[in-house]
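I'm opening a fresh page for a structure I haven't looked at before. My plan is to start with the overall layout and then go through the pieces one by one.

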Amino acid sequence: MSLSSASSTLLRTVARQQLPTSRAAVTSCQRRGVADAKSSFESPFASANESGSTLKIPNFSKYKSNSSPRSNQVFSYFMAGSLGLASAVGAKATVQDFLVNMSASADVLAQAKVEIALGAIPEGKNVIIKWRGKPVFIRHRTQSEIDEARGYKWEGLRDPQPDEDRVQRPEWLVMLGVCTHLGCVPIGEAGDYGGWFCPCHGSHYDISGRIRKGPAPLNLEVPTYSFPEDETLVIG
């Protein structure tokens, strides 16, 4: 056997003898580490059970409720219901204040309706009033004007509408004084048909406020109105 072979055999023998010792040392260290870890999570009051310990565990029994669990539940439900009711009342008040602030003011409501005394308007004359920021034409028509408005064949008009559908009383014609073309104010008792004429673009309306010639596409609009009394007109 050569010298190198003998040296290799000797090294293997020494390594086999030292391996169990190393494994035992590693295992011992691991067990010691686990024991230390367990001891670090032990309760701080554990030593109180040991004889001769000066550590005293506090007594919390005086803070415990003497009422039954059912009484505690009733009290909890009562408090939750009271808070819910208070929240609902507060929300209702907030919504009411918001709606009041968003509603129309007194001056706006006053302009929503306009009352006119018809006795002051002579027959054959126009009156212009302001309603919701727009002019309103009120015409006290004569009998000849009524006959002319109702005798024309309205079926062939651009915006066909009989005179009976535009008035509640034949002698009173109520319309918005706004041209249906681009919103100008027509001139009364003018034009080719004895009604109204728009000077902006040349639209002609007859004595019933119906478009007869010009670029306007529709008749003059009739607002909502009523006659609460014989000599009283209310618009709006």
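Here are my notes, entry by entry.

**Entry: the overall layout**

First, a reminder to myself that this is a predicted model. I counted the elements and got four helices and 10 strands. Walking from the N terminus, I read the order as α-α-α-β-β-β-α-β-β-β-β-β-β-β. The protein has 236 residues, and 22% of them are buried. I also looked up the accessible surface, which comes to about 16400 Å², with 58% of that belonging to carbon and sulfur atoms. Then I checked contacts between residues at least 6 apart in sequence: 49% of these join residues at least 24 apart.

**Entry: the hairpin of strands 2 and 3**

How do strand 2 and strand 3 pair, parallel or antiparallel? I found them antiparallel, with six bridges between strand 2 (residues 126-131) and strand 3. For one of the bridge partners, I noted that K130 is matched with P135 in strand 3. The hairpin has two residues between its strands, and R132 there takes a positive phi near 55°.

**Entry: strand 4**

Next I followed strand 3 (134-140) to its pairing with strand 4 (172-176). These two are antiparallel as well, this time over five bridges. I see H140 standing opposite W172 in strand 4.

How many residues of strand 4 are buried? I count five of five, so the strand is largely enclosed by the rest of the structure. In a regular strand, side chains alternate between the two faces of the sheet. I sorted strand 4 by side and put W172, V174 and L176 on one, with L173 and M175 on the other. Both faces are covered.

**Entry: helix 4**

Which residues of helix 4 are buried? I listed E145, I146 and A149. Looking down the axis, I find the buried residues within an arc of 100°, so they line one face of the helix. They pack against strand 3. On the face turned away from the buried side I noted the exposed residues S144 and G151. Helix 4 itself runs over 143-151.

**Entry: salt bridges**

How many salt bridges does the structure hold? I get nine, and I wrote up three of them.

The pair R141 and D163 has its closest N and O atoms 2.9 Å apart. R141 sits in the loop between strand 3 and helix 4, while D163 sits in the loop between helix 4 and strand 4, so the bridge ties together parts 22 residues apart in sequence. Are the partners buried or exposed? R141 is buried, at a relative accessible area of 1%. D163 is buried too, also at 1%.

My second pair is D230 with R169, where the closest N and O atoms are 3.7 Å apart. D230 lies in the loop between strand 9 (225-229) and strand 10 (232-235), and R169 in the loop between helix 4 and strand 4, so this bridge ties together parts 61 residues apart in sequence. I looked up the accessibility of each partner: D230 is exposed at 58%, and R169 is partly exposed at 21%.

The third pair is K213 with D192, and here the closest N and O atoms are 2.3 Å apart. I placed K213 in strand 8 (residues 211-213) and D192 in the loop between strand 5 (187-188) and strand 6 (196-198), which puts the partners 21 residues apart. K213 counts as partly exposed at 35%, and D192 is partly exposed at 47%.

I also checked for bridges that share partners. R141, R150, D163 and E164 are joined into one network that way.

**Entry: a nonpolar patch**

Last, I went looking on the surface. Which residues make the nonpolar surface patch of about 440 Å²? I noted V95, F98, L99 and M102. F98 belongs to helix 2, which covers residues 69-102. F98 is exposed, with a relative accessible area of 52%, and the cut-off for that is over 50%.

Definitions and conventions: Residues are numbered from 1 along each chain as its sequence is written. This is a predicted model: local features need pLDDT of at least 70, side-chain atom pairs count only at pLDDT 80 or more; totals for chains, interfaces and linings use all residues. Side-chain values use heavy atoms; hydrogens and water are left out. A salt bridge is a side-chain nitrogen of Lys or Arg within 4 Å of a carboxyl oxygen of Asp or Glu. Buried means under 20% relative accessible area, exposed over 50%, partly exposed in between (1.4 Å probe, protein chains only). Two strands pair if DSSP finds at least two bridges between them. Patches are made of residues with over 30% relative accessible area and no salt bridge: like charges are joined within 9 Å, nonpolar side chains (Val, Leu, Ile, Met, Phe, Trp, Tyr) within 5 Å. Accessible areas come from the Shrake-Rupley method with a 1.4 Å probe; for residues, only the protein chains shown count as cover. Contact means heavy atoms within 4.5 Å. The arc is that of the directions from the helix axis to the C-beta atoms.
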